[in-house]
Each structure stands twice: as C-alpha cells, then as structure tokens.
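Here are my notes on the model, as numbered points. Please read them with the structure open.

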Amino acid sequence: MNAELLMLVGGSAAFVLTLYWVRSRELHEKYAVVWMTLASLLLLCGCFPQAIMSFAETAHVSYPSMVLFIALAAIYSFSFTVSVSLTHQHQRNIRLTQETAMLEYRIRQLEMALAGQSSAAGKPQTRRK
Amino acid sequence: MKNLVIIPAYNEEAALPRTIASLQGLPQGFELLVVNDGSRDKTGEVAQQLAGTSRLPLHVIHLPVNCGIGVAVQTGYLFAATRRGYTFAIQFDADGQHDASYILALLAACEKHQLDLCVGSRFLTPKSAGFRSTFARRLGIRFFAWLISLLSGDRVTDPTSGLRCAGPRAWASFACHYPEDYPEPESLFWCARNGLRIGETPVCMHERQGGISSIHRWGIAYYMLKVSLSIVLDRLRAREQTAP
C-alpha cells in the first residue's frame with residue numbers, strides 16, 4: 001500500500017464515518033461540513049499526489065514531511081475550533097447554572113410565601129419532600 | 001439606600017456562622033447573600049438555618065455544581081441586577097478573613113471619592129496590623145500590583161483582596177462579564193482600563209477560620225501565569241462599554 005492509496009482509503013472512511021454520525025444525529029451538520037471538507041482534501045491528495053509533491057518541492061521539504069505538516073495543520077485547526085466551541089459551551093453552561101440557581105431561589109421564596117398564606121388562612125399546609 | 005453583601009461560600013460550614021454573626025452589626029439597609037458554590041459539606045444547610053435567624057435579610061442561592069469563585073461572585077451581581085434597588089454590592093469572604101467593620105469604611109470611600117470600585121487593602125495599614133498572607137503570596141501580590149499599576153496608570157497595592165465594594169456601574173458591568181477563576185486582579189484591571197474609578201482603603205484581615213484556599217500550592221505557578229496573561233491580553237483589547 002502506498003501513501004496515495006492510504007489517503008484514498010482514509011478519505012473514504014472519513015466520508016462514511018461522517019455520514020453515519022450525521023445520519024444517527026450524533027454529529028451536528030455544521031461540524032459535519034468541516035469533517036467532510038477534510039475527507040475531500042484527503043481524497044484529492046490521494047487522487048492527485050502531484051499536488052503535494054509540487055507543494056513540497058516549492059517549500060523545499062521532503063514529501064513525507066509535507067504530508068505530516070498538512071496532517072498536523074489539520075489537527076491543529078480542528079483542535080483549536082473545538083477549544084473555541086468548548087469556551088462558548090462553557091459560557092452557556094455557566095449562565096444556565098446561574099439562572100437555574102436564581103430560579104430555585106425564587107421558587108423557594110414563593111413556596112415560603114404560599115406556606116405563610118396557607119397557615120394564615122388556617123388551611124392545611126402541603127409539604128414538599 | 002439598599003446595599004448587598006455577597007458572600008461566596010464553598011465548603012465553609014465551619015466558618016460561615018461566625019462570618020454571618022460578624023455581619024449582624026451592619027445597619028439597616030444592608031442585605032446579605034450567601035452564594036453556596038456547590039459545596040460538598042453542609043454549607044447550604046447551615047446558610048439556610050442562618051437565614052432563619054439573621055437580623056438582616058439573608059438570601060441563599062445554591063449553585064447546583066461547583067463553578068469557582070468568579071462565577072459565585074458574579075451570581076451575586078446578577079442577583080443584585082435582577083432584584084434591582086441596590087446601590088453598592090460588597091464582596092465579603094465566608095472564611096472569616098474579612099472584618100465586617102471595614103464595610104462601612106469601603107462604602108464611605110466610594111461615596112466620598114465617587115469610586116466605582118473600592119478595594120480593602122492590607123498594605124495601607126501599619127505592618128504589624130492584621131494578617132498579610134504568606135511571604136510567597138505577598139510577592140505575587142506585589143507583582144500584580146506593579147503590573148496593574150504599570151498598565152493602567154492607577155496605583156494599587158492589594159489587587160488580590162476579596163474585600164471590595166462595587167458601585168452600580170461596576171457591579172452592573174460585572175453581572176454581564178466577570179472573570180471566572182482568580183477574578184480579583186483581573187476585574188480590578190478591567191475597571192481601571194475601562195474608565196471606572198478605582199481606589200483603595202486600608203483594612204486589617206485575619207487568617208482564614210476554615211475551608212481551603214482556591215489557590216493550592218501547585219496552582220500558584222498557573223495562577224501567576226494565567227492572571228498575568230489575562231491582564232496583558234485585556235490591555236490589548238479595545239475599550240469596552242460599561243453599564244451607565
């Protein structure tokens with residue numbers, strides 16, 4: 001197996017995997033677009049190895065080094081995107097946690113006020129477990 | 001005039017009763033808010049019990065999970081923004097380090113000098129007065145004081161102090177945006193950079209009466225690096241909109 005075939009197999013596998021995860025609603029479409037772009041890139045590299053070779057020659061590096069560089073650049077880009085998404089998600093989680101806590105406070109206050117009204121009116125109080 | 005004392009508490013069941021008792025001497029118009037930051041001990045239950053006996057109105061908010069000091073304090077500012085009617089929001093540690101008698105001095109300094117944020121500084125009092133933290137921490141505090149003073153042009157001496165009084169412009173802004181971990185130096189610099197008036201007033205502090213510090217031994221290097229980076233990066237940002 002040569003590098004081109006490996007890229008073709010890898011690209012096809014990435015395509016199939018992405019489609020499978022989107023189909024089963026485990027992966028959001030907006031992320032699927034990015035992964036399918038990567039899979040397409042892999043397939044293109046497999047189909048047209050001359051592209052990487054000429055790129056490597058222009059940059060004065062060997063072919064394997066250029067493949068490694070492109071792979072690392074792709075990994076870096078995706079890891080960075082994940083960090084940004086995680087930051088957004090974290091901020092949302094924090095705000096939701098704060099809002100939940102404040103709503104719980106308001107419910108507790110309302111329950112106490114209702115309990116006070118019930119006892120003032122001589123009604124039997126219901127007690128939450 | 002209503003003022004809110006925000007007390008972030010994480011695993012402070014031992015120190016909280018004494019802290020709340022020390023705040024009972026404050027005059028009418030003050031309200032207390034304990035933000036139980038997902039404690040694993042009985043801090044929440046203790047706070048609820050204290051709410052039943054407190055002379056001043058005592059509110060208790062329970063964060064369902066531990067979110068860190070910055071989030072706990074910001075929840076207090078959000079609470080103030082939601083309920084409205086508060087003038088000053090005072091941050092006060094639950095661990096017994098702070099002396100409640102200085103709250104009025106912080107408020108007076110805010111009113112007298114029209115400050116948006118007044119910090120209680122351990123380093124404006126005579127050296128023999130109160131507890132000034134360990135040698136290593138004092139070095140860190142000096143470094144942050146130097147960094148903030150250099151980058152903002154405002155002289156500060158105790159940027160890590162958690163005893164601070166925020167005016168409406170400051171706490172309304174903090175309700176929208178507040179640093180999560182190690183927030184004191186960052187929020188102080190944020191105020192200075194965005195045109196809010198900051199100041200300090202001398203206070204004495206005590207050693208903590210319970211709980212554990214949010215900065216552990218091995219976390220000091222990370223703390224120094226993270227806070228320094230945050231301050232320097234914040235300096236590079238454009239001036240932000242503050243609350244009116």
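1. A salt bridge here is a side-chain nitrogen of Lys or Arg within 4 Å of a carboxyl oxygen of Asp or Glu. By that rule, Arg193(B), Asp234(B), Arg237(B) and Glu240(B) are joined in a network of salt bridges. Over all chains the structure holds nine salt bridges.

2. On provenance: this is a predicted model, in which local features need pLDDT of at least 70 and side-chain atom pairs count only at pLDDT 80 or more, while totals for chains, interfaces and linings use all residues. Residues are numbered from 1 along each chain as its sequence is written, chains are lettered from A and ligands numbered from 1 in the order in which they are written, and side-chain values use heavy atoms, with hydrogens and water left out.

3. Within the network, Glu240(B) and Arg193(B) meet through their side chains at 2.8 Å, N to O. This pair links distant parts of the chain, with Glu240(B) in the segment after α8 of chain B and Arg193(B) in helix α7 of chain B, 47 residues apart. Helices (H or I, at least four residues) and strands (E, at least two) are DSSP runs, numbered from the N terminus. For exposure, buried means under 20% relative accessible area, exposed over 50% and partly exposed in between (1.4 Å probe, protein chains only). Arg193(B) is buried at 12%, whereas Glu240(B) is partly exposed at 29%.

4. A salt bridge also joins the side chains of Asp181(B) and Lys226(B), at 3.0 Å from N to O. Asp181(B) sits in the loop between α6 (168–176) and α7 (183–193) of chain B and Lys226(B) in helix α8 (residues 220–236) of chain B, so the pair ties together parts 45 residues apart in sequence. Asp181(B) is partly exposed at 28%; Lys226(B), at 18%, is buried.

5. Between strands, Glu31(B) forms a salt bridge with Lys2(B), with the closest N and O atoms 3.7 Å apart. Glu31(B) belongs to strand β2 (residues 30–37) of chain B and Lys2(B) to strand β1 (residues 2–9) of chain B, so parts 29 residues apart in sequence are tied together. Glu31(B) is buried at 10%, and Lys2(B) is partly exposed at 28%.

6. Which residues form one aromatic cluster? They are Phe143(B), Phe144(B), Trp146(B), Tyr182(B), Tyr222(B) and Tyr223(B). Rings of Phe, Tyr and Trp (its six-membered ring) pair if their centres lie within 6.5 Å; planes under 30 degrees apart count as stacked, over 60 as edge-to-face and the rest as tilted. The rings of Phe143(B) and Phe144(B) are tilted, with centres 5.6 Å apart and planes at 55°. Phe144(B) is buried at 0%, while Phe143(B) is partly exposed at 32%. Phe143(B) and Trp146(B) also make a tilted pair, at 5.9 Å and 35°; both lie in helix α5 (residues 135–152) of chain B, three residues apart, about one turn of the helix.

7. At the interface, ten residues of chain A are in contact (heavy atoms within 4.5 Å) with 19 residues of chain B. Gln98(A), Met102(A) and Tyr105(A) supply 43% of the area that chain A buries against chain B, more than any other three residues. Buried area is the accessible area (1.4 Å probe) that two parts lose on being put together, summed over both. The rule finds zero salt bridges across this interface.
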